[in-house]
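User: I should like to understand how the labels attached to this structure are justified. Please take me through the reasoning.

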Amino acid sequence: MAAPGENLRINPDRLWDSLMEMAKIGPGVAGGNNRQTLTDADGEGRHLFKKWCEDAGMAVGVDKMGTMFARREGTDPSLPPVYVGSHLDTQPTGGKYDGVLGVLGGLEVIRTLNDLDIRTKHPIVVTNWTNEEGTRFAPAMLASGVFAGEHDLEWAYDRKDAKGLRFGDELERIGWKGEEEVGGRPMKAFFELHIEQGPILEDEGIDIGVVTHGQGLWWLQVTLTGKDAHTGSTPMPKRRNAGLGMARVTELVHEVAMDYQPDAVGAVGHVEVYPNSRNVIPGKVVFTIDIRTPDAQVLAEMRARIEEGIATICEAMDIGFEVEAVGHFEPVTFDETCVKAVRDAAERLGYTHRNIVSGAGHDACWISRLAPTSMIFCPCVDGLSHNEAEEISKEWAGAGADVLFHAVVETAEIVE
């Protein structure tokens, strides 16, 4: 399998210009983006991406989950394509690069192949997965999860946002519900370029993260039920304070995660307090727990300890509780051949690199169950993401896309 020559690089200025142009759609209030899934802004971003893909000579298909597949034909169309991509949707206060770099980096691979008049035996497909973030419709990585057979299509359509709007209805409303059945696409491999979303690469001055594993996670939604009562006139021993129960569970989650260092993490995230009045003791609290580790046994132990601890806390406080698992995936080990292609590309191009574990979930985690898969990380300033202050440099983006180009094109096999 011939590798691209080390002199072959993408156009970093064009990639950067595309990132900045996409960032104009769904602008945030502080320099980032609010392009949540299935909003009008998401629809607008999809139209721009489709135009760019068609301008690059690709045919764009859309499946019933709204996922976009832009195909550059290979010299042998019967061969399974090499897939590349990520997502265009953002957090409510998201940055300009999380997910978007992987989609537009894939587009830049195609543009560079066109510039250099290089053909590959295998087709190459650039993908925009729907609802990776999961912030509007839980769980995250929803479309890739349906694609991988982890979720049922109708179940996904019935997911509701905070306003009670259905995923399926909103997908139709913005006009991006395709006709293609979800899944069943043959894949030779899948590569995803992404910002690290952590501080390791920048702290160590490393250009490229070669992602070898992805953390498994559990998202647990906890409902604690006490009793609303006046904060001024209710004696302390008589209180059934759901808010205090949440505080003790929060401390429990932190203690459990600390017991499994260095790779485990855990925190309480989304919180809803009822009745949310300054002079009423909370009678009900609904909140989420997020625990992650690359070790499957540790992940199971963490969940068991947390659920047992919640029961103990609530029994002592005379408050009711319910725990519902609302998101899960097992730890991921990425394909050795794809990981080697990424590592070899970094070495061939002269970029510093190190192995790294992804602390966040990505579409690649689900797709790894279907096809050989790997990821490429580039640094981000202060490790910050899911924040409008998220930032990377043109050089970091270019280096990541260079490695992506080499790994994808080598896997798709250059036609001499």
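Analyst: The following exchange sets computed values against the cut-offs behind each label, for a model that is predicted.

User: Which residues does UniProt list for "binding site", and how do you know that Asp98, Glu133 and His386 cluster in space?

Analyst: The unreviewed UniProt entry lists Asp98, Glu133 and His386 under that feature name. They are spread over 289 residues of sequence, but the largest C-alpha distance is 9.6 Å, and on that basis they are said to cluster. The entry also places "binding site" at His87, Asp98 and His194. Those residues span 108 residues in sequence, yet no two of their C-alpha atoms are more than 9.8 Å apart, so they gather at one spot. These annotations may be inferred rather than shown by experiment.

User: Why is Asp98 called buried?

Analyst: Buried means under 20% relative accessible area. Asp98 has 4% relative accessibility, so the label buried applies. The residue sits in the loop between β3 (82–86) and α3 (100–116). Beyond four places in sequence, Asp98 touches His87, Asp89, Glu133, His194, Ile195, Gln197, His386 and Glu390.

User: What makes the pair Asp98 and His386 a polar contact?

Analyst: The criterion is a pair of N or O atoms within 3.5 Å, one able to donate a hydrogen and the other to accept it. The side chains of Asp98 and His386 are joined at 3.3 Å, and the pair is accordingly listed as a polar contact.

User: Is His386 buried, exposed or partly exposed, and why?

Analyst: Partly exposed covers the range between the 20% and 50% limits. His386 has a relative accessible area of 38%, so it is classed as partly exposed. His386 belongs to the loop between β15 (373–378) and α12 (394–412). Leaving out residues up to four places away in sequence, His386 touches Gln91, Thr93, Asp98, Glu133 and Gln197.

User: Why does His87 count as buried, and which backbone atom does its side chain reach?

Analyst: With 0% relative accessibility, His87 falls under the 20% limit and therefore counts as buried. It is found in the loop between β3 and α3. The His87 side chain reaches the backbone oxygen of Asp89 at 3.0 Å. Aside from neighbours within four places in sequence, the contacts of His87 include Asp98, Glu133, His194 and Asp363.

User: How do you know that α12 is largely enclosed?

Analyst: Of the 19 residues of α12, 16 are buried, so the helix is largely enclosed by the rest of the structure. Its span from first to last C-alpha is 26 Å, close to the 27 Å expected at 1.5 Å a residue. After α12 comes Glu413, with a positive phi near 70°.

User: What supports describing α3 as largely enclosed?

Analyst: In α3, 14 of the 17 residues are buried, so it is largely enclosed by the rest of the structure. From its first C-alpha to its last, α3 reaches 24 Å, close to the 24 Å expected at 1.5 Å a residue. Asp117 follows α3, and its phi is positive, near 55°.

User: Why is Gly32 called buried, and which residues does it touch?

Analyst: The relative accessible area of Gly32 is 6%, under the 20% limit, so Gly32 is buried. Gly32 lies in the loop between α1 (12–23) and α2 (40–55). Not counting residues up to four places away in sequence, it touches Gly26, Pro27, Gly94, Lys96 and Glu388. Gly32 and Tyr97 are 65 residues apart along the chain, and their C-alpha atoms are separated by 9.1 Å.

User: How do you know that domain 1 and domain 2 are in contact?

Analyst: Contact requires heavy atoms within 4.5 Å. By that criterion, 12 residues of domain 1 are in contact with 11 residues of domain 2. Domain 1 comprises 12–214 + 331–412, and domain 2 comprises 216–329. Their C-alpha centres lie 33 Å apart. Between them the two domains bury about 830 Å², 73% of it on carbon and sulfur atoms.

Technical notes. Residues numbered from 1 in each chain as written. Predicted model: local features only at pLDDT ≥ 70, side-chain atom pairs only at ≥ 80, totals over all residues. Heavy atoms only, no water. Helix = DSSP H or I, 4+ residues; strand = E, 2+ residues; numbered from the N terminus. Buried < 20%, exposed > 50% of the residue type's maximum accessible area, 1.4 Å probe, protein only. Expected span 1.5 Å × (residues − 1). Domains from an automatic or database assignment. Buried area = accessible area lost by both parts, 1.4 Å probe.
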